[in-house]
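Please give me a guided tour of this model, telling me what to select next in the viewer and what is to be found there.

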Amino acid sequence: MAHRTQRHPAQPHRTRRPLTRGTRILLAAALLTALAGCGGGDPGGAAPVKKAAPPAPEPAAAAAGLPGMPPLLDPKDVYAADRPDKLSPVVKDFPSRVYVPNTNSNTVSVIDPATYQVVETIPVGNQPQHVVPSWDLKTLWVNNNRGHTLTPIDPATGRAGKPVEVHDPYNLYFTPDGKYAVVMASLDRELVFRDPHTMERKKTVPVSCYGVNHADFSADGRYFVVSCEFSGELLKVDTERMEVIGRQKLPFQGAMPQDVKISPDGRTFYIADMMAHGMWVLDGEKFTTPTLMPTGKGAHGLYVSRDSREMYVPNRGEGSVSVFDFEKGRLTKKWWLPDGGSPDMGGVSADGKVLWLSGRYDSEVYAIDTATGKQLARIPVGSGPHGLAVYPQPGRYSLGHTGVFR
């Protein structure tokens with residue numbers, strides 16, 4: 001309005017004749033009209049009076065997340081809740097243990113990490129593959145793959161409960177909102193969405209690939225990437241719709257993808273491949289063809305350090321662990337087990353100082369110092385140890401597998 005006045009000064013200021021009463025009335029009316037056209041104002045130069053604005057919409061990032069998913073503590077780090085010894089009140093009083101499913105012995109060996117000793121052996125169903133923390137952190141589920149059951153273990157007491165009938169439970173995940181358990185029914189060629197507590201079947205999603213086995217979720221929880229071991233493929237699945245929205249064949253003859261992990265910044269998925277001897281680097285959003293980063297023979301598991309800076313990659317076929325630096329985008333170290341071995345699946349201790357891995361073909365478990373790569377212990381267990389769970393671990397909720405926490 002000030003510019004308008006400068007361009008069109010009022011005529012009375014160019015004359016010195018006194019204003020008549022009628023002229024003053026007309027000028028006042030014109031001024032009021034001009035002020036109204038500018039939305040109102042203050043002749044002393046104060047900010048114009050504005051109408052009340054409607055409430056601001058939620059930020060786009062928040063609106064885009066999976067409804068019901070607890071928001072990330074740090075949008076730049078999906079693992080921000082996993083810092084050393086940052087235990088949830090739900091688990092803080094649980095005894096620290098390492099639970100080892102012995103696939104060929106149909107047992108779970110329970111190790112006390114303070115003494116490196118097996119303190120209990122729990123009989124379970126046929127072919128236990130993984131020990132999986134529930135979304136609410138209260139239960140450990142043993143996946144009895146060929147026994148077609150899940151055995152619940154109370155981590156407060158270490159006691160096993162009554163098995164629950166679930167067909168072909170090779171692996172088990174939970175949606176980030178805690179609404180569903182997702183059973184990786186490998187031989188059935190299905191993703192089965194179930195009630196996370198009762199395991200009642202809610203929706204079955206047939207898949208065209210062979211050997212669905214491992215997965216991880218996007219930072220916003222909207223989708224997850226699944227590896228198909230026996231056909232060398234990857235799937236992209238819409239979490240809320242419970243539908244496959246992408247599928248691709250890996251560009252390597254005989255590829256056998258295994259564990260899947262997302263980078264701390266949520267931009268990249270990594271998929272270990274035991275036949276390509278490395279890990280695939282994938283843009284999950286675009287779901288374009290990934291590139292291969294060699295790590296070692298029989299690359300199998302993927303485990304993120306407590307500071308979100310590194311990822312440990314056990315190479316089962318050569319008895320080594322490769323260390324990947326997220327910021328540098330490359331491998332920086334390789335640790336060799338002094339007497340060889342078959343490092344497979346596992347997890348990181350609550351304080352982040354020890355990497356625990358099963359020795360799949362050697363009936364043993366390895367404890368490795370994460371600062372030096374030194375082997376701290378080799379512990380005899382049952383036959384065919386596989387997806388062991390270190391418990392408890394930091395985090396607010398579990399996405400499944402051997403312990404993927406956010």
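**The disulfide**

Begin by selecting Cys 209 and Cys 228, which form a disulfide with their sulfur atoms 2.1 Å apart. The model is a predicted one, and a search of the whole structure finds one disulfide. The pair links distant parts of the chain, 19 residues apart, since Cys 209 sits in the loop between strand 12 (201-206) and strand 13 (212-217), while Cys 228 belongs to strand 14. Viewed along the S-S bond, the torsion comes to about -50°, so the disulfide is left-handed. Now colour the two residues by accessibility: Cys 209 has a relative accessible area of 0%, which is under 20% and therefore counts as buried, and Cys 228, also with a relative accessible area of 0%, is buried too.

**The surface patch**

Select Leu 187, Tyr 210 and Phe 230 next, and show the surface, where these residues form a nonpolar patch with about 350 Å² of accessible area together. To place Phe 230 along the chain, look at the loop between strand 14 (223-228) and strand 15 (233-238).

**The cavity**

Finally, turn to the interior space, where the count comes to one cavity of 30 Å³ or more, and the largest cavity holds about 190 Å³. Its lining has 16 residues, of which Asp 82, Val 304, Arg 306, Gln 393 and Gly 403 are the closest to the centre. Highlight strand 21 (303-304) and strand 25 (343-348), the elements that give two or more residues to this lining; strand 25 gives the most, with three residues.

Technical notes
Residues are numbered from 1 along each chain as its sequence is written. This is a predicted model: local features need pLDDT of at least 70, side-chain atom pairs count only at pLDDT 80 or more; totals for chains, interfaces and linings use all residues. Side-chain values use heavy atoms; hydrogens and water are left out. Patches are made of residues with over 30% relative accessible area and no salt bridge: like charges are joined within 9 Å, nonpolar side chains (Val, Leu, Ile, Met, Phe, Trp, Tyr) within 5 Å. Accessible areas come from the Shrake-Rupley method with a 1.4 Å probe; for residues, only the protein chains shown count as cover. A salt bridge is a side-chain nitrogen of Lys or Arg within 4 Å of a carboxyl oxygen of Asp or Glu. Helices (H or I, at least four residues) and strands (E, at least two) are DSSP runs, numbered from the N terminus. A disulfide is a pair of cysteine sulfur atoms within 2.5 Å. Buried means under 20% relative accessible area, exposed over 50%, partly exposed in between (1.4 Å probe, protein chains only). On a 1 Å grid over the protein atoms alone, a cavity is a set of points where a 1.4 Å probe fits but cannot get out, and a pocket is an open set with protein on both sides within 12 Å along at least five of seven lines; lining residues have an atom within 4 Å of a point. Grid points are joined across faces, edges and corners, and a volume is the space filled by probe spheres set on the points.
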